[in-house]
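Here is a short report on a ligand site and two sheets. Start with the view below, then read on.

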Amino acid sequence: MSNQTHSPSVSSGTPGSRRVLIIGGVAGGASCAARLRRLDESVDIVMFDRGPYVSFANCGLPYYVGNIISDELSLLVASREMFHERFNIEVQTETEVMSIDRSARSITVRNARTGASRAERYDVLVLSPGAAPIRPSLPGVDLPGVFAVRTIPDSRRIRSWIADRSAKAAVVVGGGFIGLEMVENLVHRDLAVAILEKLPQLMPSLDPEMAVPLTQHLGEKGVHLYLGDGLARIEKRADGGLVVVAESGARLPADLVILAIGVRPENPLARDAGLQIGPRGGIVVDAQMRTSDPNIWAVGDAVEVHDVLTGQETVLPLAGPANREGRVAAESIAGRTTKFRGVQATAVVGVLDLTVASTGASEKGLRRAGVTNFQKVYLHPGHHAGYYPGARPIHLKLLFSVPDGRILGAQAVGLEGVEKRIDVIATAIQFDGTVYDLAEAELCYAPQFGAAKDPVNLAGMLARNVLNEDMPLADWQELAHTKALLLDVREPQEFARGHIPNAINLPLSQMRHRYVELPQDRDIWTCCGVGQRSYYVTRFLAQQGYRTRNLSGGYTTYKMLKSAGLVP
Ligand code: FAD
């Protein structure tokens with residue numbers, strides 16, 4: 001029973017001081033508080049969080065479960081005391097904000113330990129309540145042993161559950177970022193892990209073919225994948241364990257279940273207060289992070305942000321944007337005119353040695369947004385010079401607008417050097433860069449780090465070749481219907497190991513004396529392992545009067561597209 005009372009008194013802070021109250025004390029809220037103090041020593045700043053900590057590393061939680069981070073204290077980036085001593089910011093933990101009274105400019109807060117409520121007056125209110133894990137209303141999702149991962153206590157409970165029951169098997173429902181990070185860490189704890197994902201692919205932010213190397217990698221690592229199959233219910237077994245029942249009827253036994261099917265903006269406070277909420281469920285803010293109420297700002301996972309590439313409003317639950325938005329809000333509160341640039345969805349996830357990273361729009365995102373004037377190239381270069389031992393392929397897809405060559409997005413998967421390439425392309429996008437800029441980018445090179453033509457340069461060069469028609473591209477999507485001659489220019493033994501159906505083989509090494517065998521009255525689509533030799537052939541044949549196009553990324557891309565069901 002709570003002894004909740006309503007507004008017996010109103011805390012008003014230092015008389016005469018402007019009072020800034022912040023709801024949520026982690027990425028967005030804490031950034032806002034600290035930045036605001038650096039800009040203005042005169043304001044009262046009070047930060048509320050319903051949890052026991054502020055400024056903790058949510059991104060580190062999966063690694064705490066995996067015992068890679070073994071000391072819970074390492075997750076605490078800053079403490080209540082530190083905020084007080086260093087910044088004169090008051091932190092009230094285990095204090096939940098229950099409601100906002102905009103006309104009285106006050107909030108009602110409830111102390112979780114005592115249950116007592118009180119009102120707090122504000123001049124300025126900042127909302128950074130984050131996003132809540134989606135918990136579908138299905139039978140069994142509240143059973144003991146079914147967890148979401150949002151807070152330190154959540155991770156602590158998972159750790160104890162694994163240890164107390166000597167857990168051997170886990171099912172992760174959801175194959176996005178958090179699900180995959182949990183997979184890695186549960187495998188690290190020696191659990192047998194299965195993923196149940198409703199979509200036919202992992203990592204929904206990627207185009208389906210780019211998720212294929214990830215799927216294969218996880219399969220090779222012994223992770224059981226159930227793709228294209230949703231959660232129906234969770235049952236308790238007689239021996240105390242659990243069974244995840246999929247929509248297909250598949251039954252996956254588990255000692256614990258992680259629900260990682262996404263998050264949704266935690267907007268009830270804002271909604272109840274009558275603040276404008278957008279179609280994606282996030283709080284609507286302007287470029288200075290101000291809500292529809294001029295005295296209230298909102299930042300982080302709870303808000304809708306402008307996607308600089310598609311021009312649409314979106315939600316993007318990532319720590320970088322939350323931190324930057326917190327700073328922008330602080331600057332705005334302090335009277336500056338700083339604006340938030342918007343987001344381009346740069347993200348990375350590591351899973352069992354594989355890195356998956358992306359920036360900007362995906363092909364499916366562009367199509368959803370109605371963008372049609374774009375092209376794409378695939379490439380599969382080594383992460384460093386091939387002559388230096390240990391080069392690992394990076395599967396890279398670059399999307400760019402036609403005809404101006406503006407970079408629209410990139411996705412990459414590989415064992416090494418993936419995030420570096422995506423970060424370079426992300427920065428180029430931020431400066432409105434084109435594929436010509438990528439081709440010209442002057443990047444670090446020594447054999448163990450890269451290549452004289454870095455994968456980023458190569459991606460730009462390929463795209464430039466497409467734009468200036470040195471390398472007309474064949475459309476992979478047309479493969480099923482094309483009347484073109486499919487010409488595989490690899491050596492016969494490579495061709496014998498696998499090729500596109502109906503392709504004929506005429507290797508590059510014999511091309512110059514045998515090309516006359518090719519029909520001049522048909523379109524010719526060239527293919528090789530990764531698209532390089534076929535590019536040489538495209539150039540050669542074009543100069544002999546043939547109509548040729550290159551299949552970007554070659555047979556490697558074909559296999560990815562085929563596994564994703566995108567080509568026959
Ligand atoms: P949060 O950091 O979630 O903070 C919101 C706080 O508000 C919470 O502490 C909550 O308790 C409190 N709160 C909510 N409502 C109230 C209320 N009414 N009263 C009082 N307090 C309230 N992002 C990345 O970019 N890279 C990663 O690798 C990454 N890994 C992640 C791993 C996990 C397991 C999780 C959960 C998230 C991860 N993220 C990652 C996302 C990132 O943590 C969030 O985008 C970021 O923390 C959002 O910041 P925020 O301030 O909006 O919300």
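## Ligand contacts

A polar contact is a pair of N or O atoms within 3.5 Å. The model examined here is predicted. One such pair joins the ligand to Gly 28: a ligand oxygen atom sits 2.7 Å from a polar backbone atom of that residue. Val 97 offers another backbone pair, with its N or O atom 2.9 Å from a nitrogen atom of the ligand. At Pro 317, a backbone N or O atom is 3.4 Å from a ligand oxygen atom. On its own, the ligand has 1000 Å² of accessible area, and the protein covers 89% of that.

## The shell around the ligand

How many residues surround the ligand? There are 30, and those that come nearest are Gly 28, Asp 49, Ser 128, Asp 301 and Ala 319. Sorted by class, the shell holds 15 nonpolar, eight polar and seven charged residues.

Several elements feed this shell. Helix H1 (27-39), helix H5 (177-188) and helix H8 (319-333) each supply at least two residues. Strand E5 (95-101) does so as well.

## The five-stranded sheet

Five strands make an open sheet in the order E22-E23-E26-E25-E24. Pairing is antiparallel. Strand E22 (347-351) and strand E24 (374-379) are the edges, and each pairs on one side only. Ignoring direction, neighbouring strands are turned by 10° against each other on average.

E22 is joined to strand E23 (residues 354-360) by five bridges, and the two run antiparallel. In this pair, Val 349 stands opposite Val 356 of E23. Which helix packs on the sheet? Helix H6 (residues 212-220) does, touching E22, E23, strand E25 (394-401) and strand E26 (407-414). The direction of H6 makes about 160° with that of E23.

## The three-stranded sheet

Another open sheet has three strands, ordered E14-E15-E16, with antiparallel pairing. Which strands form its edges? They are strand E14 (231-236) and strand E16 (251-254), each pairing on one side only. Neighbouring strands here are turned by 20° against each other on average, direction ignored.

Five bridges link E14 with strand E15 (residues 242-246) in the antiparallel sense. Across this pairing, Arg 233 faces Val 245 in E15 as its opposite residue. In general, strands of a sheet pair through backbone hydrogen bonds, either parallel or antiparallel.

Note on methods
Residues numbered from 1 in each chain as written. Predicted model: local features only at pLDDT ≥ 70, side-chain atom pairs only at ≥ 80, totals over all residues. Heavy atoms only, no water. Pairing = 2+ DSSP bridges. Helix = DSSP H or I, 4+ residues; strand = E, 2+ residues; numbered from the N terminus. Axes fitted to C-alpha atoms, helices over the stretch in contact; angles between N-to-C directions. Contact = heavy atoms within 4.5 Å. Near = heavy atom within 4 Å. Polar contact = N/O pair within 3.5 Å; in protein donor to acceptor, adjacent residues only side chain to side chain. Areas by Shrake-Rupley, 256 points an atom, 1.4 Å probe, with all protein chains shown as cover. Nonpolar A, V, L, I, M, F, W, Y, C, P; charged D, E, K, R; others polar.
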